[in-house]
Structures are given as structure tokens and as C-alpha cells.
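These are my notebook entries on a structure that I went through interface by interface. I began with the contact between chains, then turned to domains and finally to individual side-chain pairs.

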Protein chains: 2
Amino acid sequence: MKTLPLQRNVGFLKSALTGIGGFHTTEDIVAWLRATPVERPQVVNPIPFDALVDWSFRETGGDLVHRSGKFFRVTGLRVRTDLGPRPQWEQPIIDQPEIGILGIIAREFDGVLHLLMQAKMEPGNPLGVQLTPTVQATRSNYTQVHQGTRPLYLDHFLERGHARVLVDQLQWEHGSAFLRKRNRNMVIEINEDLPLEPGFHWLTLGQVKNLMRQPNLVSMDTRTVVACMNLVDARKSDSLDGLDREQAGEFAGAVLDSFASQEAASTDEEVMSWLTGLKVGHHLGLEHIGLSGLSGWKRTDREIRPDGGGFFTVIAVDVKSASREVVRWTQPMIAAGEVGLVGFLTTKIDGVLHALVRARVEPGSADTITLGPTVQSALGGEGSGGDGGHSEYFELVKNAADATVRYSCLQSEEGGRFYHVVSDYRIVDVDGAHQLELPPECLWLSFRQMQEMVRYGLLGVEARSLLSCLSFA
Amino acid sequence: MKTLPLQRNVGFLKSALTGIGGFHTTEDIVAWLRATPVERPQVVNPIPFDALVDWSFRETGGDLVHRSGKFFRVTGLRVRTDLGPRPQWEQPIIDQPEIGILGIIAREFDGVLHLLMQAKMEPGNPLGVQLTPTVQATRSNYTQVHQGTRPLYLDHFLERGHARVLVDQLQWEHGSAFLRKRNRNMVIEINEDLPLEPGFHWLTLGQVKNLMRQPNLVSMDTRTVVACMNLVDARKSDSLDGLDREQAGEFAGAVLDSFASQEAASTDEEVMSWLTGLKVGHHLGLEHIGLSGLSGWKRTDREIRPDGGGFFTVIAVDVKSASREVVRWTQPMIAAGEVGLVGFLTTKIDGVLHALVRARVEPGSADTITLGPTVQSALGGEGSGGDGGHSEYFELVKNAADATVRYSCLQSEEGGRFYHVVSDYRIVDVDGAHQLELPPECLWLSFRQMQEMVRYGLLGVEARSLLSCLSFA
């Protein structure tokens, strides 16, 4: 007879509360990550589209496609909706229908769960190398489309044997840039020796989270998997009795209390009703018009960019790498003109910490509505689902008084598709913020309620990514 | 500060345990339901397709459509999948993309929640009249497409004022006959006097459930809303201390214990991982080929039927009614050749009752996989997602020894679209059944785990319908 044991969730929590790992100091890991690009250099250069190898614009429709028909495709969409600042717009979008795996192997050492993390380069990473999950595999990866080597440790996820599943959830990627792209977010726990390949290290969850206090060191892929880890399972009446509140800090304690609490400003049924009402009350209409059908966008020899501001651009890059499976390749990428802002407003309501969640319609929204953070301008445009600096909370988050900023750090989006797309991820805690008058698409949720939304794939990647940055050690 | 109060769930539970209502005996309600067709007769006759008024087969594609373009459309699909007995088949399907409302108004009388239920006729009901929710409204209903009167009490759901939301969930209808049709399942609690319109009565949940022990008296719409009612919220550590186990009966007690228990044969993460693996591991390919593109089907002047067995047929009916919003109309309907079988195998595993859930790929599956009961042949065909008498558990459920049959009763599918489509809904409890070797698409779930699946729209209508039939009073 198995239950989701108390101890198992406390396992994630204990690891999150452990800032000193069994193998390395966090400083060593930082030094290792910073040294890796020097040891195994990767050179990435933007190039003209006509210098792309095996990629070209199709004669019909103008989509940017790979010769094999695999990987992904950049196409054009006309979007219509009745939620958000724009009723209609057109934009490029990445179509990559396959489901990849983002997997972390976990193992207990000295009673504390450690995560097998990798130093990995991606062409779009601002610093070249980032701390990533044990495995990131697209289906192309493991069906060997691009002739590279099979990702290390992948077989542990495909044939799990006696490994214990701690997380296994389908999660959506950026609905503003992907046409319904999902990844399988996994954490499996093993209880056996594993050969430690070069480029891999065992870290506690607390160490991984502490690294998220530094700009651009931890990949988006890591952040989304970490967000799926249930630190405190309120359904199991998990207790925080063992928590050293002084060590964790006041705000971190409030976050954990909110994960553990059954109290909330809205009942769970009211939250579900709010979401149901938004899904029923709004529409999302997509029309596939191809890249060449886009109006309001201009294609030069080096980029596809919007006539006005907002959104993102499509570019091409040449990559020379000594660490990737393939040593040289070219590919299209998504770039952004400016640093974005991704932020949660938080506040205590009757003693329980809540975050302000905003519902958006994004072209890649699976079921019309994507739940996201209070403010989101990661990919520039209001039209692409973000706030573009115009929402009522944007200034409040951007220009918050230092004393209210609980977290603020530059983090980048996934470096395999996004080229130096960086946002200020921040959490701003404002007393009395729950007295703000809210538009119908905003609601205060407790952290327990957000965790449940994560579990069922209802919280967008920006919100998940931001939640994962909360550290407790 | 609001929480989902203990008392509120106990509210559903208390009502479910109350077999004697504040207003009527259950016998009175049966008499009332049986008398209604006599008082307000409805005559339904199958007719040739060319006698349909305002419905016709389109020249291009052959779809059966309404002149207004509204209501619904019968079209043709080619389906490909790698889960289930057939890799490919073609079938008619109902395309009705709008989201309707199935809503029940609840109110406490003498400390017990009562539900405002309606006696309503639908052309496909075997007995003409059934006990339905307070409101069933398609979007056509409330936007007045068919010139009828606006459904009574609808405004309580559209503008809820101070009503309390107890249930508000999007739930899928039959994936074997509908192309992704959802309804909004709602229960709202009011605390004010309400005019009682003719055709409506207040019943306890226990009374409604007891009526489900009689064939075809309670509509599918009622059953799906009832299935969304969380009797025991294990997340809140709801207690069953007040339960009179003798009155409820041994099996009913085991069901309630399973709702309340944190114990389960698989952890919640293992269940989620099983579902994730099935979604990732299987595919559903749909090709819209139009009604006239179907091979393996024959259209006569009165029906569209498969060459072999299985599946269902499409027919046309003429309806004369004194109780519907429109007094006479014609429409296409789905008919079935034989009585179906919808069944759960249950068994105790380490003292906790579990039901055997089977994952199916149905053409209308929202995300490839629909979770359903152990056995399901409601709409005839293995190809349409059911078991068609061929699965390993069909005989076990169909020919179960009387002593193991906890529930067995004929129930019909929704009478607005399905013409006398009736199945034997049954629950068969077999000691030691968990020792059966399971195919990968089957898993034993506790009732708490099934309830959570319901909450997030992951359990198909047949399974929900069957769960709702469990009675405790």
C-alpha cells in the first residue's frame, strides 16, 4: 500500500531548505558554470536568412522550415480575441507539435534529496552555459533526427525500471511564441549508483534555487521542472513544524505557510468558477496565414520584425559548438528588443500570502485562457499576450520601493529557441494590495492554489518560472 | 476570509444521506414523473430524412445541417489511433462547438441542502420525461436561436448576485459521438425565496440518487452534475464520523471511506504519470471527410448505419410537444441498436475501495485520452471507443454473480441528441480483482482520485454518470 508519503514531499522541502550540498559549495558551482564556456567554447553569430543551411522560406505561404520537415517551423497567425488590449493582431509563431522531455534525476545522499544537474550551452543563453535538468530531449533528439548523440541519462526516463516518479506532468511553453508546445516535466528518484558523466553535478534543491538569485545562470527548463515540485502538500496536511523560520526568512516562511494553508481569499470552487467563466466568456480565433501572409511585419535579410514596437523578432544564427551533440549548425531563433518584466504582486490576506494571477489569451493558449503572473512583457508585445507596459500593475511592479521587492533577478527564456530573451523576474509584496480594484481577469490565489493549477497544467511558463525562483535556504 | 468550509461539503454529503426530503416522498416524485407525460404529451416519431424541416444534407461534403447554421451538424470523420482494437475507422459525429449550461439551484431547508429539479421531456427519453437539472441551456437557448421561450431560472446562473458557487466545472460529453462538446456543470446555492414554477420540485441529493435506482427516470444531465458534487473533500480532512454506516450500507460506506482516504494503490503522482505517459505515448489523428466521404456506412432514406455492427445510427425524428419551448420540430438524432453496458469493476485494496479505470482514445477526446469505466459499450462500437463486448472485463461485468453486483440499472444518454440510447450501468465488486493482470491502459483508482479527475475535466461522461448513481440513503 502506497500513499504519497509525507516524507516524500518533505523530501523536496528538506532539499529546498538545504543550501549546502553534499558535494559542492554553491560558489564552486558558480565557478564551474562560468568556466565551462571557456573550456568548451560555443560561438553564436546572427547571420542573414540566406546563410541558413537546410532552412529556407517555403515558396507557398513563406514559412521558415527545415529541409527534413522536422525540428520546428516558423509560420504566421492571425489572432482574434475579446480579452486583452487588442482584438486582433498578426504575428509569427513557432510550430513544434512534439512533446519533449525535461527530466531531473534525484537521489538521496545523507538523507537529503540531490538533483543531477547539467552545465549546458544553448545558442540563445546570455552567458553561454546554464544549469539545466539532467535531460532535455526533443522527440527529434531521441529519434536521432539530427544525427547527434543520444542525450545522456535519457534511458532512465524512457525505461524507468525501479525509479520512483516524483513529478510527471505535461506543461505548456510560451503561448505567445509557441503554437501549443508542451514538455513532459519529470523528476524520478533513483536509489542506485549512477556514473557521473562530465558536465553533471549533484545539487540540493536549495542550491539550485540559490543559483536563481544570480542572473541567467539557471535555465528556463530547470525553472519549469522545479516549479512542478510540490514542496508542501496541503492535501496531506504536511506540517512545517520543522521549519527554521529565522533561517528561511520571513517572506520565505510566508510562502511556505501559504503552500500549507487551506485558507484562501477565494474558495477553490470560486477559483475554478472564475476560470470556467473566463473560458466560456472569451474566445480565441486562430487563422493560419503563413509567414508571407503577415501584415504589420517586415522581412529584411536578417530579421522579421514588427512595424511598430512590441512582440519579438525572428532572426537566424550560426552556432559553432564543442559541447552540443552537433558541432556546427544554423537555425532560426526568436529575439527580443528589450528586457522584459515578469512579476507577481503578492500580499497577505488575513495572514495568508496571496499572489495576483492574471488570465490572458495567448495564441498558443491550450483552452483559450492562460493563467500568468500579474505582469508579463517577456516577449515585448501586449498583442502577444503580455502587458507591454500598459497594464495597471506594470508601474507598480517595475518601480516598486526596494523594501517591497522580495525577488528581482534577470532570467532568460529557453536558449534553444530564444536568443538573449531576458526579463527582470520579480516579486513585489505590497501591504494592502488586495484592496486594489481588480479587472475580472485578475484574482488573488494562495500558493497552495497556484500549486494545484501547476499540477493540472493550468499555469503558464512565465508564472511557473517565477514561482520556482523562490528560495528558502 | 473564506475557506471551502467543511460544512459545505458535508452539505452535499448530508443531503446525499437524506432519503426523505422536506417536501415530497420519493414515491410522490416517481408518480409525478410518470404522470407528466400524460398531462403534457410529447409524440416522437422517426421520419425519413427528407421529411426534416430546415435540416438537409449539404451538397458539398454531405453534412447534415440546419438551415440557420446553428444547433449542431452531423459530419464524418476518419479516425486514426494506436490505442484500442482498431487502428483506423470512419464514423459520423456530432459537431456542436458551443458550451451549454447544466445548472442546479440548491437551497437549505431544515438544515439539509435541497436541489431544484425539473420534470422535463426530451425526444430521445425512453419514458418521455426525466428528472433534470434546474436549467439546461445551450447557447442557442439563451441567445434565442429557435424562437422559443428563455429557460426558466437561467438568469440565476448568468447573473449570480449573492448566490454561492458550489460547482462550476467544464465537463466533456460523449467523445464517441460528439466532436469535443463540453457543458458547464454548475450548482449554485441561494438563500432566498424563489418562485416554484410548475414542473419543478425541491429534492434532497439522497432522493435524486435513490431515483437512479429506477430505470431511465433521471437524466444524464442530472447525473453528470451530481458527479461533480464533492461529497467528501479529503483535502480538507473531511470526517465521516457522523455517518450511520448501518443505514448507508456496507458498500456505500466503503465508497465514502474511499472518497475520504489518502490511501491508494498508486500514489497521486503515479496516477498523473500513468496519464501523462498515455497522452505522450499515443496519438489521435482526425480527418474531416464529411458525411458523404464515409466508407463502411450506408445512408438509406431513414438512417445512416454502419455496414457491420457496432457504433450507432443517425436517424431523424418528428417531435410534437406541449411542454418544450417550441411545440413542434424535427431533428436528427443518434440511435443505438442494442442495450449497452457501462460498468466499473471495484475491489478493496488494503481495505480501500478502488475502481478500475480504463483509458480510451475517442474521436472527441480533448487531449488524446479519455478516462472511462472498466467497460463501456454504450454507443455500440469498439471502434467508437467502447469495448464492444470484446474486452477482457466485459464478460466479468456482464455476467457477474448477483452477490457481487452493487448497482445495476438501465440509464439513458442525453435525450436531446440520443434516441432511446440505453445502457445497463453497473458496478461489480469482486474480491481480489486487483490481482488481475492489467493492460497498460487500465489502472485502479481510489474514489478520491477519481473525484479529483472529475474536478479537472479528465473523467469521461460515462464514468461520471456511473459514479453519480452511487446512493447512500
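**Entry 1: the chain A and chain B contact.** I started with the contact itself, in a model that is predicted, and found that 43 residues of chain A and 43 residues of chain B take part in it. I then looked up the area that chain A and chain B bury between them, which comes to about 4,200 Å², with 50% of it on carbon and sulfur atoms.

For the charged pairs, I noted a count of six salt bridges between chain A and chain B. I looked at the salt bridge between the side chains of A:Glu452 and B:Arg455, where the N to O distance is 3.4 Å. With the polar-contact rule, I found 16 residue pairs across the interface of chain A and chain B, both residues of a pair being at pLDDT 80 or more.

Next I asked which elements give two or more residues to the side of chain A that touches chain B. I listed strands β10 (164–172) and β11 (182–189) together with helices α9 (268–281) and α11 (447–455), each of chain A. The largest share of this side is that of α9(A), which contributes nine residues. Sorting the side of chain A that touches chain B by class, I recorded 16 nonpolar, eight polar and 19 charged residues.

**Entry 2: the domains of chain A.** I then went inside chain A, where the assignment gives domain 1 as 12–43 + 97–237 and domain 2 as 256–284 + 336–468. Taken over C-alpha atoms, the centres of domain 1 and domain 2 of chain A are separated by 24 Å. Their contact draws 41 residues from domain 1 of chain A and 38 residues from domain 2 of chain A.

I noted that these two domains of chain A bury about 3,500 Å² between them, 53% of it on carbon and sulfur atoms. How many salt bridges does the rule find across the interface of domain 1 and domain 2 of chain A? I found zero salt bridges there, whereas the polar contacts between domain 1 and domain 2 of chain A come to 19 residue pairs, both residues at pLDDT 80 or more.

On the side of domain 1 of chain A that touches domain 2 of chain A, I saw that β10 and α6 (220–227) of chain A each supply at least two residues. The most comes from α6(A), with six residues. By class, I wrote down 21 nonpolar, 12 polar and eight charged residues for this side of domain 1 of chain A.

**Entry 3: individual pairs.** Over all chains, I counted 21 aromatic pairs by the rule. I looked at B:Trp55 and B:Phe71, whose ring centres lie 6.5 Å apart with planes at 35°, so I entered the pair as tilted. B:Trp55 belongs to strand β2 (residues 55–57) of chain B and B:Phe71 to the loop between β3 (64–66) and β4 (73–81) of chain B, so that the pair links distant parts of the chain, 16 residues apart.

The salt bridges over all chains number 44. I picked the one between A:Arg78 and A:Glu90, in which the closest N and O atoms are 2.9 Å apart. Because A:Arg78 sits in strand β4 (residues 73–81) of chain A and A:Glu90 in strand β5 (residues 88–95) of chain A, I recorded this pair as tying together parts that are 12 residues apart in sequence.

How values were computed. Residues numbered from 1 in each chain as written. Chains lettered and ligands numbered in written order. Predicted model: local features only at pLDDT ≥ 70, side-chain atom pairs only at ≥ 80, totals over all residues. Heavy atoms only, no water. Contact = heavy atoms within 4.5 Å. Buried area = accessible area lost by both parts, 1.4 Å probe. Salt bridge = Lys/Arg side-chain N within 4 Å of Asp/Glu carboxyl O. Polar contact = N/O pair within 3.5 Å; in protein donor to acceptor, adjacent residues only side chain to side chain. Helix = DSSP H or I, 4+ residues; strand = E, 2+ residues; numbered from the N terminus. Nonpolar A, V, L, I, M, F, W, Y, C, P; charged D, E, K, R; others polar. Domains from an automatic or database assignment. Phe/Tyr/Trp six-rings, centres within 6.5 Å; stacked < 30°, edge-to-face > 60°.
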